[in-house]
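The exercises below are meant to be worked through with the sequence and the structure side by side. Try each task before reading its solution.

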Amino acid sequence: MPGSVADRRLLTPRSLRDALRMLDAEGPLTPMAGCTDLYVALNAGELKGTGFLNLWPLEPLRHMAVRDGVLSIGALCTYTDLMRSRLVQKRVPMLVAAAREVGGPQIQNRGTIGGNIANASPAGDTLPVLAAAGATIVLESIRGPRRVLFTDFYTAYRRTVVGPDELITAVEIPAIKGRQWFRKVGTRAAQAISKVVMAAVDAGPGEAPRIAIGSVAPTVVRLPRTEAALASGAAIVDVQRVLSDEIVPIDDVRSTAEYRRRVAANLLASFWSEGSR
Amino acid sequence: MLKAVGRNVPRKEGRDKVSGTSRYIDDLSFPGLLHARTIRSTIPAGAIADISFPFDTSGFTIVGFNDIPGRNIIALIDDDQPCLAERAIRHVAEPILILAHEDRDRLRTADVRIAYRGGTPNYDPSASPLCFKSIAIDKGDLDAGMAAADEIIEGEYRVGAQEQLYIEPNGVIAVPADDGQGVTVYGSMQCPYYVHRALTVLLGFPGDRVRVVQTETGGGFGGKEEYPSMIAGHAALAALKARRPVKLVYDRGEDMLATTKRHPGVIRHRTGVTRDGRLTAMDIDVLLDGGAYATLSAVVLSRGVLHASGPYRCDHVRIRGRVMMTNTPPNGAFRGFGAPQTQFAVEVHMERMAEQLGLDPVKLRDRNALRPGDTTATGQTLGADCSAREVLREAVKRTDFARRRKALAGTNRGIGLSLFFHGSGFTGSGEVKLASKASLALTDAGVRVLVGSTEIGQGTRTMLAQIVADTLGVPYDTVEVNAADTSEVPDSGPTVASRTCMVVGRILQRCAEDMRARLGRLSPRDYVKRHGPLVITKQYEKPPEIVWDEVLYQGDAYGSYGWACDVVEVEVDPATWQVNPVKLTSVHEIGKAIHPRLAVGQIQGGTAQGLGWALLEEVVMRDGRMANNSFTNYIVPTTLDTPDMEIVLLERPYRHGPFGAKGVGEMPIDGPAPAVINALRHAGYDLREIPATPERVMACGSR
Amino acid sequence: MRFTLNGRTVRIDAHPMMRLLDALREQCGLTGTKEGCGEGECGACTVLVDRRPVNSCLVPLAHVSGARVTTIEGLRGRHPLQQAFVDFGGAQCGICTPGMILAAIALGPKPSREAVRTGLAGNICRCTGYHAIYESVERAGKNARVRR
């Protein structure tokens, strides 16, 4: 039976400013967006906290715009919004590819990019994309905004740098030069949690590729040593060895460390071989 | 007037389901209803040391084994399983107490504390001290058969457990009689009379004080064959103690954790064969894991061993089967019921033998496939409706198998097949023991079918109405099927074993034949006007030629068999070892398709479940507990995981089936797993275990 | 909470964090929407919110404030998909059917087979093997757009 809601309080702000004020004065509050992660915990009787902040009505958090060559995506944009956005299709097709792999249509219509980031699962499908894209997360509080590089955003398993009075309001993605690549290996073809999920950018000769991978460490990770090895022109077999040392996959209820390790190596080779050189 | 049998007549049960007006158990409520929750063991083996209730118990009804007025067992076969644990614990999730309360939040947060004395669990069936059942089948002289062989080929094959995952979880509502000496239980179930019997034993009530009503059931697949007796018992005890209706519906996590699964097992083959592929001797060992209590293990083993040598002829056969106790939640019925497990083994073994002998796998099967006049491992002589070679040839022809096999060689694709069969109805003397009854009533409202058989998605009401309508010579629309309510219908036996059409349908047909004779020239309405209402009840009659020896396990195991052949093409992703079933063709010979669309629906659905078992569905057990008891982590096929299927129906009538019909519900799940593994073998992977997850495919390496 | 439910304005007095699924089944007495898993995996609880299929077990009541919600009851048994599911075997046990039909409505008229498979990937059926569902969707004819 689902967890009780009787003791929960839901605050609905009238504006972003109102929301930030509430976070400061009436916390602790758990921000609530599409609820596709939060309510799974509620249904399992595992939802922590009694105060919740309803972000859903905040239209400004649904923006999608380009400013000075940087694509800004509001935290409340759903996976469906991402897939349908011409801006995202054109500028970050690997994000469209990732959104397409999340759950199924029902989840895509409700789950948000901000929620995927905040949920902080190492298996989050958009997270390798944001890491490989060199994205920046915009956090806001009543003290004003601050920006955090996505690669600095996670500190440990399911831990972020978001303060108790802060809200993720947008993710900013600079223009990406080169070929974008994304692959999710899940437990089945839809409605799947990833066993390995990888995004990569091949910026062309003379530039190091950017590779990020999920489900093989406590957080999503970039692979700087692997990137450097590729850029140095090492043989793919050697690069795979570097990759294997850079990740720490585990055995869990879905898969094995060995499988994740070998698949990650294969995905790397697939990514690299698809580029023309 | 158009005949109904053989046509896709409109389903009797259709409109309500698509309108949202079908009432499943969780849609129902009664005044004064209490909700209930089951307190379960968290250890796999040991004993209860102490129980305490450190919370405000006001308003709670608490039921323990001491509240059981009758016998503390779930009456089924062995009567070894308690309804509520007294002291000894034999598995995680073993039920100990039932709590009931008006307020669901208070119910959910009630913190019952149970202290245990831990014991030493055993999870290895081969090391178990308790054998629920063992069966021996012997034919001919095994040693002589082995001596006549040019080669002896051995193999060991493993099959995993499988969760039925009906989309509607188990649930019941129990309503106590006003005098507290009776109860009505409504619920999601396949066998209302199983529940009825279990309740009379548990509660000590006479049969006429217990009423069981099946509500619209959202899938069963065997998972609601015997388990509902347990949940019904729990709700009834609480309802009687509280003197109020009690609703007990499981959430998904509890349902997966606590209820029955397909028996996992290990099957070993040692086979003597001539160089040119004739089977001379088959030595088969079947070991199944029954879980903590016997439930239906004896019968699962029975069907398993009776199908263990596959649809093949061999003069010298020895089959030994055992089902053992382990400290895991009891395993039970799941579509196929032992036959998918043992036929997986024999069909993969056949493929390996073909490979080892350098023979074409189709020719090897065709050579040894049973033909009319041949005898099975139990010495049953097969009749003209034995169609093993026909389904094989049809499947091979339609898929252009030989050419595809050549074309795919050396690629990351493979094509494989499986040949299989399935006995319809209860084994041997089982139908005689069941003594099923069916009634046909004629009133001024029309013709009414009264059976204990249930509609669980397969179209029972439609199919039975078609049989009655055509036999009686009345329009299909004028035949209604009564709800499965034990106060109104006779015991037609359980809705399992692919028997509802062939066995119950035949009893109804005999009722209709009798009724037709009595009607004479009169229309049903005129008959009733002149003579008043009429009810005809008939009981199962064993065809005289069926002879079965339960002790020696010899003779006619089943009245009839269906025959089938699956061909599947798979593609293996070289980077991830994910196996994608790209195309599937399934040929089924089922005697007669009473409703072709419903029959095809059974084949498509059963095949999809078989593919899931083969590739995706793994029950991950950790310390005797299912660790992946969620829809998120127990993986069943979505649309994107299920291939297009070409389904072909063949008909070779069975003399004693209504209009020649045999069973169809279970056979489809016997074929896909070995066909997939055989296709993977063709693609270069030597697998002998399912599920063939990408991790296992990777581990076995390509040749 | 005020919203449009199957074409009518309703007001529900319940906790804003109540699951939409429970609000529909209990406060509104519309039991056609089913709970199969409580995790947003099976799709049996699918309803349309502003024409989009969502898992109502994961939607707080507060989030449909001012929105248009359609459940299986809202089709009044008259949608071509409903008859098609009866005619072509799209429904066997029926428990996934309400969610399946609503998800199919969102596919629009004359969807390709590929679009049907992808569009229904969030709805698990354990009975049919999906093929009869595809046939039901494709043969239903022009899918009426949901007007409410």
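The exercises that follow concern a predicted model, and each task is followed by a solution in steps.

**Exercise 1. The build of chain C**

Task: Work out which elements make up the secondary structure of chain C and in what order the elements run from the N terminus, and then decide what its radius of gyration says beside that of a compact globule.

Solution: Begin with the secondary structure of chain C, which comes to five helices and five strands. Following the chain from the N terminus on, the elements run β-β-α-β-β-β-α-α-α-α. Next take the extent of the chain: along the principal axes, the C-alpha atoms of chain C fill a box of roughly 40 × 30 × 25 Å. A compact globule with 148 residues would have a radius of gyration near 15 Å, and because chain C has 15 Å, its value agrees with that expectation. Finally, 66% of the 148 residues of chain C count as buried, and of the contacts in chain C between residues at least 6 apart in sequence, 63% join residues at least 24 apart.

**Exercise 2. Two domains in chain C**

Task: Find how many residues of domain 1 of chain C are in contact with domain 2 of chain C, and say which element gives the largest share of the domain 1 side.

Solution: The domain assignment of chain C places domain 1 at 2–74 and domain 2 at 76–139, and the C-alpha centres of these two domains lie 20 Å apart. Where they meet, 17 residues of domain 1 of chain C are in contact with 13 residues of domain 2 of chain C. On the domain 1 side, strand S3 (46–49) and strand S4 (52–55) of chain C are the elements that give two or more residues, and the largest share, three residues, comes from S3(C). Sorted by class, the residues on this side divide into seven nonpolar, seven polar and three charged.

**Exercise 3. A covered helix in chain B**

Task: Determine how many of the 10 residues of helix H7 (residues 297–306) of chain B are buried, and name elements that cover the buried residues of H7(B).

Solution: The count gives nine of the 10 residues as buried, so that the helix H7(B) is mostly covered. Among the buried residues of H7(B) are Val299(B), Val300(B), Arg303(B) and Leu306(B). What covers the buried residues of H7(B) includes strand S7 (131–139), strand S14 (279–291), strand S15 (317–325), helix H8 (339–357) and strand S16 (413–424) of chain B.

**Exercise 4. A sheet of three strands**

Task: Identify which strands stand at the edges of the open sheet S4-S2-S6 of chain B, and explain why one side of each is left without a neighbour.

Solution: The three strands form an open sheet in the order S4-S2-S6 (chain B), with antiparallel pairing. Strand S4 (88–89) and strand S6 (113–118) of chain B stand at the edges, and because each has a single partner strand, one side of each is left without a neighbour in the sheet. Strand S2 (residues 46–52) of chain B pairs with S6(B) in the antiparallel sense over six bridges, and Gly46(B) stands opposite Gly118(B) in S6(B).

**Exercise 5. Where chain B touches chain C**

Task: Find which helix supplies the largest share of the side of chain B that touches chain C.

Solution: The contact takes 40 residues from chain B and 36 residues from chain C. Helix H1 (14–19) and helix H16 (596–615) of chain B each supply at least two residues of the chain B side, and the largest share, seven residues, comes from H16(B). By class, this side of chain B divides into 13 nonpolar, 18 polar and nine charged residues.

Terms used:
Residues are numbered from 1 along each chain as its sequence is written. Chains are lettered from A and ligands numbered from 1 in the order in which they are written. This is a predicted model: local features need pLDDT of at least 70, side-chain atom pairs count only at pLDDT 80 or more; totals for chains, interfaces and linings use all residues. Two residues are in contact if their C-beta atoms, placed from the backbone, lie within 7 Å. Helices (H or I, at least four residues) and strands (E, at least two) are DSSP runs, numbered from the N terminus. Ala, Val, Leu, Ile, Met, Phe, Trp, Tyr, Cys and Pro count as nonpolar, Asp, Glu, Lys and Arg as charged, and the others, Gly among them, as polar. Domain bounds come from an automatic or database domain assignment. A residue is buried if 20 or more other C-beta atoms lie within 10 Å of its own, exposed if 12 or fewer, and partly exposed in between; C-beta atoms are placed from the backbone. Two strands pair if DSSP finds at least two bridges between them. The radius of gyration is taken over C-alpha atoms; the globule rule is 2.2 Å times the number of residues to the power 0.38.
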